[in-house]
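Biologist: Could you take me through one part of this protein up close, and then show how the rest of the chain fits around it? I'd like to hear what is covered, what pairs with what, and where the charges meet.

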Amino acid sequence: MTTRQKWLLGVFLALFIVAGGVIFISAMAALLAPGGFELNESFGKRVGVLELNGVIEDSQPFIRQLRSYKEDDGVQAVVVRVESPGGAVAPSQEIYQALAALRKDKPVVVSMGAVAASGGYYAACGADSVVASPGTLTGSIGVILEFPELEEVLKKVGIRFEVVKSGAHKDIGSPFRPMTEEERRIMQAMVDDVYEQFVEVVSSERNLDPDTVRALADGRVFSGRQALQLGLVDANGSLQDAVDMAGRMCGLGDNPRTTRPRKTRTSLIDVLTETATVLKDPMAAAG
């Protein structure tokens, strides 16, 4: 073996050892990091706690976890912690319907965090009982559609659009031209219909007269204390208060044992794949 071959072999072995060390350290970090390796020690009868966070765009991950709680005989009741300013109408409706369906089998309590408004409040209406902190921002009962109008901006830069469409309203809401009065009436009718659906749910679930709800449903936001006075929530309290309420509703009493969804774990295969990618292309780590 020549000196050059020995040198190349040494370099290869050194790189192999370094790569092995990186993989080992990354794997251990993934296992030891908070949430990286978690054992669920909540055995026996307990209350399931689930979070609904952020803008509501996709209901399915939440509903899948809700379904797992429904099928778990050990979970006697469910508490949903809502931290959401709202979101799309259909996903909010789906979460509301899923909670309303679950409460036929198990008690469901919603705990409102800092914000539980618009679609977040819509979803919360599916629970048996709603608990809000006195300072929670909730309500915002209503529907809104917003369309940017860029025609004047485009004129300044010399850009115009030619549109070929199959029907008069196929490009309704286009940002490249003003909305016509007929289009505005069409969109307003749709918003009004979705708004009435929201009012109907609040009226039915909160046992309030529809006209009373409409008087409140002008988009305004309420504090948790105001919401209690108006009948939009059932109690003022913390997450623990909601857990205690759920415990009493299912016969477990105050301070029941709780369980939460397991955090997503970083598997050794994920670590190996990511490390191999970085070793192959160091610039990938900067992407």
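Modeller: Let's begin with a cut-off: a residue is buried if its relative accessible area is under 20%, exposed if that is over 50%, and partly exposed in between. Keep in mind that this is a predicted model. Now take Gln93, which sits in helix H3. Its relative accessibility is 16%, and because that is under the 20% limit, Gln93 counts as buried. Setting aside residues up to four places away in sequence, Gln93 touches Tyr122 and Gln197.

So what does helix H3 belong to? Helix H3 covers residues 89-102 and, with strands E2 and E3, makes a right-handed β-α-β unit. Strand E3 runs over residues 108-117 and pairs with E2 in the parallel sense, over six bridges. If you want a spot to look at, find Ser84: its bridge partner in E3 is Ala116.

Now follow strand E2 to its other partner. E1, at residues 46-53, also pairs with E2 in the parallel sense, this time over eight bridges. Here you can pick out Val47, which stands opposite Ala77 in E2. A helix is part of the arrangement here as well: H2, residues 60-71, makes a right-handed β-α-β unit together with E1 and E2. E2 thus takes part in this unit and in the one with H3 and E3. How covered is E2 itself? Mostly covered: of the 10 residues in this strand, 75-84, eight are buried. As background, side chains in a regular strand alternate between the two faces of the sheet.

Next, have a look at Gly119, which has its place in helix H4, residues 119-124. Gly119 counts as buried because its relative accessibility is 5%. Beyond the residues within four places in sequence, Gly119 is in contact with Ile56, Gly86, Gly87 and Ser92. Ser92 is a handy one to spot, since helix H3 covers residues 89-102. You can also measure across to Gly139: the two C-alpha atoms are 9.2 Å apart, for residues separated by 20 places along the chain.

Strand E1 also gives us a way into the charges. In general, side chains of opposite charge can pair when their charged atoms come close. Glu51 and Arg260 do this through their side chains, in a salt bridge with an N to O distance of 3.6 Å. The pair links distant parts of the chain, 209 residues apart: Glu51 is in strand E1, and Arg260 is in the loop between strand E8 (258-259) and helix H10 (268-280). With 44% relative accessibility, Glu51 counts as partly exposed, and so does Arg260 at 42%.

The structure holds 13 salt bridges, so let me pick out a couple of others. Arg214 forms one with Glu196, where the closest N and O atoms are 3.1 Å apart. Because Arg214 lies in helix H7 (residues 210-216) and Glu196 in helix H6 (residues 181-206), this pair ties together parts that are 18 residues apart in sequence. Arg214 has a relative accessible area of 33% and is partly exposed; Glu196, at 26%, also counts as partly exposed.

Then there is Asp171, whose side chain meets that of Arg177 in a salt bridge of 2.9 Å, N to O. Asp171 counts as buried at 15% relative accessibility, while Arg177 counts as partly exposed at 21%. These two are also members of a network of salt bridges that links Lys165, Asp171, Arg177 and Glu183.

For a nonpolar spot on the surface, look at the patch of about 610 Å² made by Leu150, Val153, Val157, Ile159, Phe161, Val163 and Phe176. Leu150 is in the loop between strand E5 (137-139) and helix H5 (151-156), and at 34% relative accessibility it counts as partly exposed.

Stepping back to the whole chain, there are 10 helices and eight strands, and 36% of the 287 residues are buried. Of the contacts with a separation of 6 or more, 71% are between residues 24 or more positions apart. The accessible surface comes to about 17,100 Å², with 57% of that belonging to carbon and sulfur atoms.

Key. Residues are numbered from 1 along each chain as its sequence is written. This is a predicted model: local features need pLDDT of at least 70, side-chain atom pairs count only at pLDDT 80 or more; totals for chains, interfaces and linings use all residues. Side-chain values use heavy atoms; hydrogens and water are left out. Buried means under 20% relative accessible area, exposed over 50%, partly exposed in between (1.4 Å probe, protein chains only). Helices (H or I, at least four residues) and strands (E, at least two) are DSSP runs, numbered from the N terminus. Two strands pair if DSSP finds at least two bridges between them. A crossover is right-handed if, with the strands pointing away from the viewer, the path from the first strand over the helix to the second runs clockwise. Patches are made of residues with over 30% relative accessible area and no salt bridge: like charges are joined within 9 Å, nonpolar side chains (Val, Leu, Ile, Met, Phe, Trp, Tyr) within 5 Å. Accessible areas come from the Shrake-Rupley method with a 1.4 Å probe; for residues, only the protein chains shown count as cover. A salt bridge is a side-chain nitrogen of Lys or Arg within 4 Å of a carboxyl oxygen of Asp or Glu. Contact means heavy atoms within 4.5 Å.
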